[in-house]
Amino acid sequence: MSAITTVVPPRVRKLLEISPRTRGALTNGPIQIVTVVAIFLVGKAAVPGFAQPYSVKAMLVIASFLGIAALGQTFVVLIGGIDLSVPALIGAGNVIGARLSGEGMNSVEVIAIVLVIGLLVGAVNGLVTSVWHLPPLVVTLATGSVVGGAVLIWTNATLSGSAPSWLTKFTSAASSTGPLPVAPVVILWLALAVVAQVFIRRSRPGRQIFMLGANRQAAELMLVSERTISAVCFGLSGALASLAGFLLAGFTGAGLFTVGDPYLFLSIAAVVIGGTSLLGGRGGVFRTVLGSLTLVELTTLLVGQSLSSAAQQAVLGAVIVCVTALYGRDRNVRDRV
Amino acid sequence: MINSEIRAVTLETTSSDVAGTPGAAPAIVEVRGLSKRFGATRALVDGSLSVAPGEVVALLGENGSGKSTLVKLLSGVLSPDEGQIFVAGTAVRLRSPRAALAAGIVTVFQEILAARDRLVLDNLWLGHGSPVLSRTAVTGRRRLASEAWHRLAGHDVDLDRPLGELTLMEQQICVVVRALLRDPKLLVLDESTSTLDVELRDRLFAEVRRRAADGMGCLFISHRMDEVMAIADRFVALRTGQVVGVRRRGEADARELIRLISGRDVEAGARRTGTVRRGSAAVRLEDVSLRPGTRPFAATVSRGEIVGLAGLEGHGQDELIRCLAGLQTPHSGSVHVAGPKGRADDDPAAVTTYRGGVARGVVYVPRDRKVEGMADVLPIIDNYSMPTLDRDRIGGVLRPRRTKTRFQRDARTVNFTPGRQDSIGRLSGGNQQKVIIARWLAAEPRVILLNDPTRGVDLKTKHELYEVFRGLADAGAAVVMLSSEVDELVHLMDRVLVFHDGSLSAELAGDDVTPESLVSAYFGRPAVPTAPTAPTAPTAPTAPTAPTGGH
Amino acid sequence: MAVLTNVVATVRRSPLTVVIALVVVLLAVNLGLSPTMLSGHQLPNTVNLLVPSVLVAMASVPAVMSGRGGIDLSVGPLLGFVNVVLVGVLVPHSLGSVWLSLPLMLAIGAVTGLVNGIAIAYGRLQPVVVTLGSYLVLSGLALVVMPQPVGVVPTWVTYLSGAWLGGYLPRSLLLVVGALVLWRILRYRGAVGTILATGSDDRAAFTSGVRVSRVLCLAYASGGVFAALAGIGLSVLIGSGDPTVGRQYTLAAVAAVALGGNPLIGGRGTMVGPMLGASSLFLIQTMLSSLKVSSLWIQVVYGAVLLFAVCANAALASRLTARPRVGVA
């Protein structure tokens with residue numbers, strides 16, 4: 001073993017390579033929490049008032065809208081899909097909710113209608129993609145376009161309706177939930193996340209989601225029905241998106257069809273930053289909760305730096321890529337041979 | 001003991017191959033002291049090996065013995081932690097497959113690596129640089145490609161078809177021809193024969209011999225002892241990452257080699273003895289014809305027996321097992337499966353869908369583990385429990401502990417010991433197969449369909465699997481197993497159905513199942529009854545004991 | 001007879017069938033509605049409107065071909081960014097001459113694509129994430145460089161908005177021709193085949209000696225160059241700078257690729273298909289506007305046609321690539 005040491009792999013490469021075990025540990029959660037805390041500390045140091053209770057509460061409210069929509073997106077990403085109809089459904093939930101409430105309809109009925117519409121559109125997405133084996137990207141783009149257009153026609157592209165008063169309170173950063181000092185919408189978001197976690201861990205369809213995402217062909221042979229699971233995942237995504245839209249009405253006051261537009265990429269970014277793989281089969285819902293928090297913190301931080309919205313966007317884009325680089329990296333082609 | 005052997009090996013290789021030894025031709029490729037670790041695992045320790053011009057060296061070892069690592073180091077996929085590779089006496093660093101190819105080391109990997117969307121022609125010339133292609137260069141490539149294909153396969157191929165439309169065997173031929181087109185100095189064949197049928201395998205061996213006569217070296221890796229014995233001039237055995245022995249042709253028989261690589265005695269190729277306790281019919285095929293125009297046939301599989309399906313690749317056995325699984329419907333006729341009481345007459349029902357089959361106790365272990373058998377990123381337990389999850393529900397909520405208990409029970413049955421690994425992708429091929437079989441045991445199957453289940457599985461695990469299959473049959477299941485390996489058919493099966501041209505051509509049972517009778521039936525010739533020991537068979541089928549089912 | 005069946009088989013086998021049919025039908029309807037659409041008077045305007053969409057669809061093609069979830073979401077903002085840089089930076093600094101500004105803009109496109117490609121190939125990040133990041137960065141930067149739509153384009157760009165032969169040969173087509181020539185060169189160099197092979201199975205390409213990482217970089221860089229050409233096309237069309245108009249081209253480009261019959265999983269596909277796909281999306285728009293349908297309907301019809309076309313493509317593909325599927329009924 002004397003002259004053999006001539007073949008030393010480049011040190012630099014070794015430093016950059018994270019061992020599979022470390023990467024596994026990283027993608028399993030702690031780093032997402034560390035990221036959330038780290039950005040919070042940076043914000044506290046850099047932006048006056050960042051860590052004030054009011055500002056934290058406000059961030060949580062904003063995060064809950066994103067978080068609920070991203071929760072739905074998570075299900076779709078777990079089966080290896082992507083849902084681009086989220087913004088249209090947020091817009092639809094928002095407009096329908098505000099219009100019907102403005103016409104004096106009972107809020108329970110309104111919520112039911114909103115949820116059913118989201119669920120149906122989502123289920124159509126799921127069925128179309130699974131029955132004809134079409135790329136979800138294109139299908140959801142198309143249905144999103146149809147739904148968005150229909151809402152436009154219905155409202156004639158104007159601001160309409162009004163949010164019920166309880167909803168305004170429900171989503172106000174200043175309000176609290178019983179003894180808890182955060183707005184009810186935040187509690188709702190976290191409760192939904194817990195339910196979703198139980199669903200994916202402790203139910204048969206929940207486990208089947210992972211199998212379908214990891215290997216479609218093998219899943220079929222293991223009696224996983226691609227149609228059912230796709231319909232469920234896309235349906236949940238649709239329902240949660242339209243719910244987020246409805247809740248946003250409390251924030252915006254009236255129904256506006258464009259309210260969902262920023263959520264197209266934000267909902268995907270929250271899922272990815274949380275560490276759920278776009279290739280399917282790997283990830284989880286709590287990660288998306290953390291991903292949503294990270295994104296909202298970042299945006300607040302950038303606003304606090306008094307950057308223009310344009311510059312914010314540019315920085316955000318770069319940060320998303322860098323954060324994902326920490327734990328969202330694919331396997332090297334060498335390791336896959 | 002092992003240590004002394006290694007030292008001896010190292011001494012031998014270094015003394016015989018050091019540059020400057022007069023008379024001996026310099027080795028085409030020599031590796032010295034090659035080591036590679038992955039985290040805490042030492043995949044290869046101080047591996048040394050050389051291949052001389054015209055020499056065929058067989059690399060033997062069980063899964064995890066370091067063969068694949070050595071192949072990946074030689075092909076530039078991985079870089080060694082220690083040690084050197086010499087090509088024609090010069091030390092080289094193979095940083096990428098491209099560098100290895102440039103050095104004349106051409107590898108055909110175990111998995112068929114091919115761009116299935118691209119045309120056959122594109123695949124054959126994949127990676128050959130990108131010159132500005134003139135019309136003559138293009139026609140030249142076409143001609144060379146079709147010539148090379150014809151020489152290896154003995155038939156022509158449509159070069160303008162997408163590769164994915166070809167059969168698995170043709171895809172395998174494609175990657176071998178691709179390697180040959182590069183005019184390798186050293187050809188590394190890593191399990192490249194596993195999808196080839198007997199005829200093509202012999203053609204490949206002939207081609208390797210022809211090229212070896214012109215000075216090419218070959219490193220040949222296979223789990224099949226008969227193949228290894230047929231082609232290799234020298235054998236290098238690996239065990240747990242270390243070279244444990246080198247033998248020349250004639251110095252050792254199959255038994256000796258198996259002892260070397262496994263560290264113990266394993267029976268190979270012996271015909272299993274004992275009487276078969278046949279139960280009632282579990283599967284009945286009535287007037288089944290697999291393709292338009294093929295002769296319809298009938299067959300029955302009873303409980304308690306293991307029936308082999310055999311034939312050259314693409315002659316109908318694969319279609320039949322898929323028909324039995326309900327994954328495809330026969331061109332005509334029907335497949336009947338006995339009902340829950342286990343008597344075909346009780347409740348014979350035609351199986352037309354996969355789910356319908358599973359509901360009647362027909363389970364299927366697919367051929368391609370990675371694609372159809374499992375999700376390699378998911379935990380072992382998920383891969384085990386997926387189809388039977390509803391048993392673990394209490395009030396609609398899954399209880400992971402119940403799943404775990406079930407898994408421990410079924411894992412014992414298939415002789416699988418759960419280790420520290422979490423995802424199934426980290427297990428060896430044999431252990432993956434055990435998990436997949438355990439998955440279906442949980443469904444309490446009456447008919448077990450196994451599509452070439454020991455493909456790419458090392459000898460030791462193979463024999464463990466045989467015991468499992470035997471145990472299942474003894475417990476009353478009907479086992480139908482497609483196998484492409486003659487030894488396996490001889491060793492394990494109670495009966496063998498041989499297919500030719502899309503139809504059943506012979507049914508062999510008992511002592512009629514011999515290598516010769518099988519091979520002649522493969523080619524559609526009537527089976528010769530008993531015959532003396534085959535020249536290629538590693539051991540005479542006279543061994544009195546056979547590893548029958550441990551239960 | 002044999003020839004005829006052959007032709008029929010080819011037509012049915014081609015992934016372009018649906019999109020060609022769509023374009024023919026839409027063109028006929030359009031001509032029926034406004035027969036002057038192809039007249040020398042109107043043609044240049046029509047073509048100028050069409051060119052950026054076609055080029056941006058071309059820009060998405062190489063990324064999609066390269067497989068493993070390959071997609072370039074940044075092409076839309078990139079085209080807008082190129083337009084803004086030309087009008088907001090190069091012209092004010094009197095760098096607007098064709099010999100300076102054209103190479104500079106192509107370089108911006110190539111470098112942006114290259115950065116995407118490096119992050120994807122060497123950083124091993126998922127393409128959606130990387131190009132989403134550059135989507136945000138580029139659309140932000142465009143607004144930083146030019147907060148409001150202002151400015152004028154250099155004279156050579158204005159020149160491109162005209163036409164030869166009495167209006168029957170719009171000069172903006174030069175941009176498309178340029179892109180096609182580049183693609184043709186890549187094809188002759190074997191690069192397109194390598195991109196497709198990598199997209200089909202990158203491990204096969206890697207072990208066969210293809211430098212996979214470089215191939216990915218090349219794919220994204222060439223897409224970037226096409227997007228830069230599209231940015232010039234946009235400048236030709238609007239005659240000024242606009243920081244926000246670019247991004248809406250991204251999703252239209254993805255739609256055009258899917259319409260054109262290129263599978264989004266990569267490994268296969270043509271360049272003509274997505275170009276025709278972009279044209280059919282454009283023709284839908286002109287049809288609706290000449291039908292005097294409210295502009296609000298455009299989105300709905302867009303979505304419906306897209307859905308129909310991908311379904312038709314899939315139906316055709318599954319019937320013809322007779323690959324044994326694991327059908328579990």
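Here are four short exercises on this predicted model, each with a worked solution.

**Exercise 1. Two helices in chain A**

Task: Work out how α10(A) and α12(A) are oriented to each other, and which residues meet where they pack.

Solution:
- Start by finding the helices: α10 covers residues 204-214 of chain A, and α12 covers residues 226-252 of chain A.
- Next, get the geometry. The two pack at an angle of about 105°, and their axes are 10 Å apart.
- Now classify that angle. Values from 65 to 115 degrees count as roughly perpendicular, so α10(A) and α12(A) are roughly perpendicular to each other.
- Then list who touches whom. From α10(A) come A:P205, A:Q208, A:I209 and A:L212, and they meet A:E226, A:I229, A:S230 and A:C233 of α12(A).
- Finally, sort the residues of this contact by class: five nonpolar, two polar and one charged.

**Exercise 2. Where chain B meets chain A**

Task: Describe the interface of chain B and chain A, starting with how much is buried and ending with the makeup of the chain B side.

Solution:
- Count the residues first: chain B brings 45 residues into contact with 31 residues of chain A.
- Add the area. Between them the two chains bury about 3300 Å², with 60% of it on carbon and sulfur atoms.
- Look for the top contributors on chain B. B:R355, B:M386 and B:L398 supply 16% of the area chain B buries against chain A, more than any other three residues.
- Check for charge pairing. The rule finds one salt bridge across this interface, and the side chains of B:D382 and A:R207 meet in a salt bridge at 2.4 Å, N to O.
- Include polar contacts too: the count is ten residue pairs, both residues at pLDDT 80 or more.
- Map the chain B side onto its elements. Those giving two or more residues include β1 (29-38), α11 (354-359), α13 (380-385) and α15 (429-441) of chain B. The largest share, four residues, comes from α12(B).
- Wrap up with the classes on the chain B side: 21 nonpolar, eight polar and 16 charged.

**Exercise 3. Where chain A meets chain C**

Task: Run through the interface of chain A and chain C, and find the helix that gives the most residues to the chain A side.

Solution:
- Residues first again: 53 of chain A are in contact with 46 of chain C.
- The pair buries about 4300 Å², and 74% of that is on carbon and sulfur atoms.
- On the chain A side, A:F265, A:Q313 and A:R336 supply 15% of the area buried against chain C, more than any other three residues.
- Salt bridges here? The count is zero. Polar contacts do turn up, in four residue pairs with both residues at pLDDT 80 or more.
- For the elements, α7 (136-155), α11 (216-221), α13 (263-274), α15 (309-327) and α16 (333-336) of chain A each supply at least two residues. The one that gives the most is α7(A), with 13 residues.
- By class, the chain A side has 32 nonpolar, 13 polar and eight charged residues.

**Exercise 4. A salt bridge inside chain B**

Task: Find the partner of B:R151 and say which parts of chain B the pair ties together.

Solution:
- For context, the structure holds 35 salt bridges over all chains.
- B:R151 pairs with B:E207, and their closest N and O atoms are 3.6 Å apart. The cut-off is 4 Å.
- Place both residues: B:R151 lies in helix α5 (residues 135-153) and B:E207 in helix α7 (residues 198-213) of chain B, so the pair ties together parts that are 56 residues apart in sequence.

Technical notes. Residues are numbered from 1 along each chain as its sequence is written. Chains are lettered from A and ligands numbered from 1 in the order in which they are written. This is a predicted model: local features need pLDDT of at least 70, side-chain atom pairs count only at pLDDT 80 or more; totals for chains, interfaces and linings use all residues. Side-chain values use heavy atoms; hydrogens and water are left out. Axes are lines fitted to C-alpha atoms, for helices over the stretch in contact, and angles run from 0 to 180 degrees between N-to-C directions. Angles under 35 degrees count as roughly parallel, over 145 as roughly antiparallel, 65 to 115 as roughly perpendicular and the rest as oblique. Contact means heavy atoms within 4.5 Å. Ala, Val, Leu, Ile, Met, Phe, Trp, Tyr, Cys and Pro count as nonpolar, Asp, Glu, Lys and Arg as charged, and the others, Gly among them, as polar. Buried area is the accessible area (1.4 Å probe) that two parts lose on being put together, summed over both. A polar contact is a pair of N or O atoms within 3.5 Å; within protein, one must be able to donate a hydrogen and the other to accept it, and residues adjacent in sequence count only if both atoms are side-chain atoms.
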